[in-house]
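Trainee: Could you take me through the ligand site in detail? I would like one connected account.

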Amino acid sequence: MSKTQALLDKQKRYLWPNHILYYTEPMALDRGDGMYVWDVEGNKYLDFFGGILTTSVGHNRPEVVEAAQKQTAKLIHSSTLYVNENHVNLAEKLAEIAPGDLQMTYFTTSGTDADETAVVLAKAYTGYQEIIALRHGYSGRSAMGMSLTGQAAWRIGGTHIIGIKHALNPYCYRCPLKMTYPQCGVACAEDVEEVIKTTTSGRIAAFLAEPIQGVGGFITPPPEYFKIVQEIVHHYGGLFISDEVQTGFGRTGDKWFGIEHWEVEPDIMTMAKGIANGFPLGATMTTPEIAQGMVGKGLTISTFGGNPVALAASLATIGVMEKEANPAHVAEVGAHLRAGLERLYEKYPVIGDVRGKGLMQGIEMVTDRETKEPATAAINHLFEECRNLGLLIGKGGLYGNTVRIAPPLTATKDDVDRALEILDVAFSRVQEAM
Ligand SMILES: Cc1ncc(COP(=O)(O)O)c(C=O)c1O
């Protein structure tokens with residue numbers, strides 16, 4: 001019996017059966033180094049999904065390993081009841097790279113936790129209860145995370161938290177209003193006001209959205225969208241929460257945070273994933289004034305939030321980004337990737353849309369460019385071909401038909417060329433089989 005099979009047998013016996021595993025024959029990862037991972041059978045893969053956009057500076061990056069090892073030997077756990085050097089230093093670093101007045105941080109352990117913290121803060125600060133989120137969005141696996149999420153498949157057990165409403169998604173490729181940009185005048189943004197007026201009490205605590213929807217399939221709103229929406233949200237008493245769990249830390253190129261592309265300064269930003277290269281860490285940032293909103297409202301604590309080892313890993317991760325994977329580098333390599341994907345679009349009709357920014361690029365697959373029928377069988381075929389050729393990619397979208405390409409930010413143009421070569425072969429086989 002293969003090593004993988006032995007592990008799978010154990011997984012089947014002891015882990016809940018609802019774990020999602022990629023590939024018809026799931027793979028068991030054994031080790032990683034930079035852009036590559038190896039499975040337990042010794043097969044090597046170029047990782048262009050980066051552990052769901054998390055290994056932001058590559059697998060087992062030596063500086064991150066060393067920082068975590070050093071901190072582990074010194075003090076693994078402190079809790080936030082005591083002041084900790086890494087805690088204050090990382091908060092200071094985030095204040096340096098975050099836009100404008102977003103200067104204060106609360107650390108947690110995941111994206112779900114960061115989003116929950118943001119919603120609690122918005123309610124505490126505004127005194128209002130209702131939240132607007134976007135259809136197709138994804139906010140995590142807790143009761144509130146699932147309720148904020150705008151996809152039925154990710155909402156086990158129904159909508160748990162009331163008072164959350166979902167506005168139309170700025171999904172230009174499949175416009176919910178059947179209009180075309182720019183003639184549409186970004187009419188979808190106005191829907192936020194309609195939703196507030198018709199489905200809430202008229203005063204909201206917050207609007208929460210991802211600048212580019214991750215799980216939603218890298219859906220990228222038009223340039224005017226967030227400016228219009230933020231004005232509406234503020235008018236009705238709410239705060240704008242930008243969920244940067246996938247778009248943060250230079251992922252979108254040029255800027256440290258995704259929302260900066262829309263020239264909007266959010267009231268709150270949440271982050272996780274790429275913040276610490278795989279160590280569990282979440283962060284919620286806001287302005288000093290809004291942070292005061294938590295004071296005198298009750299007690300809160302996160303036992304593992306602000307864990308010194310995760311924080312040390314994060315400081316080292318951001319150090320590597322500043323040195324060799326800063327937003328300018330991501331923009332350059334991302335443009336190279338995008339140009340290659342556009343060439344694939346010209347060659348393969350199964351590609352309906354290419355979208356995203358920086359090193360966050362999506363390929364929506366369709367059986368027919370006219371009808372835009374989601375090509376679900378074809379994306380599964382593509383996955384298997386890429387795996388066999390040694391490339392890991394991700395999947396997303398409400399219809400499960402969008403390829404998510406998001407390598408570590410340390411990727412070079414050579415890495416991108418290798419991935420494009422594999423994608424070219426894989427798409428040609430998929431197209432031929434259709
Ligand atoms: C945009 C966004 N927000 C929140 C989350 C939840 O993060 P976590 O899985 O770390 O709880 C995710 C996870 O994919 C995400 O993509």
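Mentor: Here is the ligand site, followed by a short look at one sheet. Keep in mind that this is a predicted model.

Start with the shell. The residues around the ligand are Ser110, Gly111, Thr112, Asp115, Tyr138, Ser139, Gly140, Glu210, Asp243, Val245, Gln246 and Lys273. Sort them by class and you get 2 nonpolar, 6 polar and 4 charged residues. Helix α5, spanning residues 111–126, supplies the largest share of this shell, with 3 residues.

Now the polar contacts. Thr112 uses its side chain: an N or O atom there sits 2.5 Å from an oxygen atom of the ligand. Lys273 also uses its side chain, where an N or O atom is 3.0 Å from a ligand oxygen. Tyr138 takes part through its backbone. A polar backbone atom of Tyr138 lies 3.5 Å from a nitrogen atom of the ligand.

Then the cover. On its own, the ligand has 390 Å² of accessible area. The protein covers 84% of that.

Last, the sheet. It is open, with 4 strands in the order β1-β2-β3-β13 and mixed pairing. Its edge strands are β1 (29–33) and β13 (391–392), and each pairs on one side only. Strand β3, residues 44–47, runs parallel to β13, and 2 bridges join them. Leu46 stands opposite Leu391 in β13. In general, strands of a sheet pair through backbone hydrogen bonds, either parallel or antiparallel.

Definitions and conventions
Residues numbered from 1 in each chain as written. Predicted model: local features only at pLDDT ≥ 70, side-chain atom pairs only at ≥ 80, totals over all residues. Heavy atoms only, no water. Pairing = 2+ DSSP bridges. Near = heavy atom within 4 Å. Polar contact = N/O pair within 3.5 Å; in protein donor to acceptor, adjacent residues only side chain to side chain. Areas by Shrake-Rupley, 256 points an atom, 1.4 Å probe, with all protein chains shown as cover. Nonpolar A, V, L, I, M, F, W, Y, C, P; charged D, E, K, R; others polar.
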